[in-house]
Amino acid sequence: LLGAQLGMKIGYLINDLARLEPDQTTTLLIHGCAVRGHEVWVFDVTQLTAAPDGVVEVQGARLSALGEVAQVPEQLRSVAKERLTLDSLDVLVLRTNPGRDKAKAWAHEAALELLLILKSRGVPVVNDPLGARVCGSKMFLHGLPADFRPRTLISSQPEAIETFVRGAEGATVLKPVKGSWGEDVFCVEAKDRNLKAIIEILTRTGYVVAQEFLPAVKDGDIRLLLLRGEPLVVEGRLAAVRRVPPPGEFRSNIHLGGTPNRVPTLTPELERIAAGVGPELAARGVLLAGLDVVGNRLLEVNAWSPGGLTDASEFQGVDFTSVVIDALEAAGGAGSASRA
């Protein structure tokens, strides 16, 4: 079995083991930890249990055979699940994305509460669950200076949203506060015949973000990865990916047909945004974050399970994953020392 005596016990909390793919950042991190001899466990948000004695436990999958990274998802799905006490972990890695899992919102909420209990007992949880909730919300940007973000309205009132759209100088992007992967995202004009209907549909499920459309999106957005609040750089090469939308589409999400491209260097615009938001992320315990930037504006912060390591490593020819694992090991070591 994997996990040398000197290795750590590392747990990964994910949305759903059935949806884990070989090219995901989460899979790279799981495999990288196993390669280093750590004992790696993976479990999803429906598998946690608070026992009568207060112990938080799961039925988890232990990676028990080390092969290629492409084999990791199937290996984890095929092994028999075993009981794991989460208090025994050296570090728990939070790699969930509630916005992509609306049907299991109840499970994500419960998991968050249980992670806070574990954190109070000294188990290192990264990213910090409260930090992920605050910084990963689309509302987080509203606390930043206006020149960091597009002109934005957040409301559940159809009249307020319609007024914002009709008063905008150009097009407006409408999207739910709770969402991911470009789902239910619309680009509308003031004279759009379907404007009222679109607003009506979006407000049925809660608050809506109305954001000025940035013409620079035709050149794509940039996913910039921050580690401990600073741009992730290895051997002078930047962990970032430009995602260019397909023809006729303004959304650049990869699963919608967006094309990943190399980002050669840290531009002044990226550096300014990273310096403006990075310290806040680090202060809230967000170890690894993904900033989505268009032009000189920050559109979104992914503080739950930022991806992009696979493409960035391939484009830049360096191993960014190892540096992230170094940081996870440091977090686990500090936690173990504090509980000793």
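This is a short talk on the salt bridges and two of the strands in the structure above.

Hi everyone, and thanks for coming. One thing to keep in mind from the start: this is a predicted model. I'll begin with the charged pairs and then walk along the strands.

Let's start with the charges. Side chains of opposite charge can pair when their charged atoms come close. How many salt bridges does the structure hold? The count is 23. I'll pick out a few.

Glu329 and Arg36 are one pair, and their side chains meet at 2.9 Å, N to O. Glu329 belongs to helix 9, residues 320-339, while Arg36 sits in the loop between helix 1 (25-35) and strand 2 (39-44), so this contact ties together parts that are 293 residues apart in sequence. Arg36 comes out as partly exposed, at 34% relative accessibility.

Next, Arg272 and Asp147. Here the closest N and O atoms are 3.7 Å apart. This pair also links distant parts of the chain: Arg272 is in helix 7 (residues 268-283), Asp147 is in the loop between helix 4 (129-135) and strand 8 (152-155), and 125 residues separate them. Are these two buried or partly exposed? Arg272 is partly exposed, with a relative accessible area of 30%, and Asp147 is partly exposed too, at 42%.

There is also a network, in which salt bridges link Asp16, Arg19, Asp101 and Lys104.

Now for the pair that leads us into the strands: Arg243 and Asp221, whose side chains form a salt bridge at 2.8 Å, N to O. Arg243 is in strand 16 (residues 240-244), Asp221 is in strand 12 (residues 221-227), and they are 22 residues apart. What about their surroundings? The cut-off for buried is under 20% relative accessible area. Arg243 has 14% and therefore counts as buried, and Asp221, with 7%, is buried as well.

So let's stay with strand 12. All 7 of the 7 residues are buried, so the strand is largely enclosed by the rest of the structure. Both faces are covered, with Asp221, Arg223, Leu225 and Leu227 on one side and Ile222, Leu224 and Leu226 on the other.

Which strands pair with strand 12? Strand 16 is one of them, running antiparallel and joined by 4 bridges; in that pairing Ile222 stands opposite Arg242. Strand 18, residues 288-294, is also antiparallel to strand 12, with 6 bridges. Across that pairing, Leu224 faces Leu291 and Leu227 faces Leu288. Then there is strand 13, residues 230-231, which pairs with strand 12 in the antiparallel sense over 2 bridges, and there Leu227 stands opposite Glu230. Strands 12 and 13 form a hairpin with 2 residues between them, and Arg228 in the turn has a positive phi of about 55 degrees.

Last stop, strand 18. It is mostly covered, with 7 of its 7 residues buried. Leu288, Gly290, Asp292 and Val294 point one way, Ala289, Leu291 and Val293 the other way, and all are buried. Strand 18 also runs antiparallel to strand 19 (residues 297-302), with 5 bridges between them, and Asp292 stands opposite Glu300 there. These two strands make a hairpin with 2 residues between them, where Gly295 takes a positive phi near 60 degrees.

To recap the link between the two topics: the Arg243 and Asp221 salt bridge joins strand 16 and strand 12, and 4 antiparallel bridges join those strands as well. Thanks for listening, and I'm happy to take questions.

Definitions and conventions. Residues are numbered from 1 along each chain as its sequence is written. This is a predicted model: local features need pLDDT of at least 70, side-chain atom pairs count only at pLDDT 80 or more; totals for chains, interfaces and linings use all residues. Side-chain values use heavy atoms; hydrogens and water are left out. A salt bridge is a side-chain nitrogen of Lys or Arg within 4 Å of a carboxyl oxygen of Asp or Glu. Buried means under 20% relative accessible area, exposed over 50%, partly exposed in between (1.4 Å probe, protein chains only). Two strands pair if DSSP finds at least two bridges between them.
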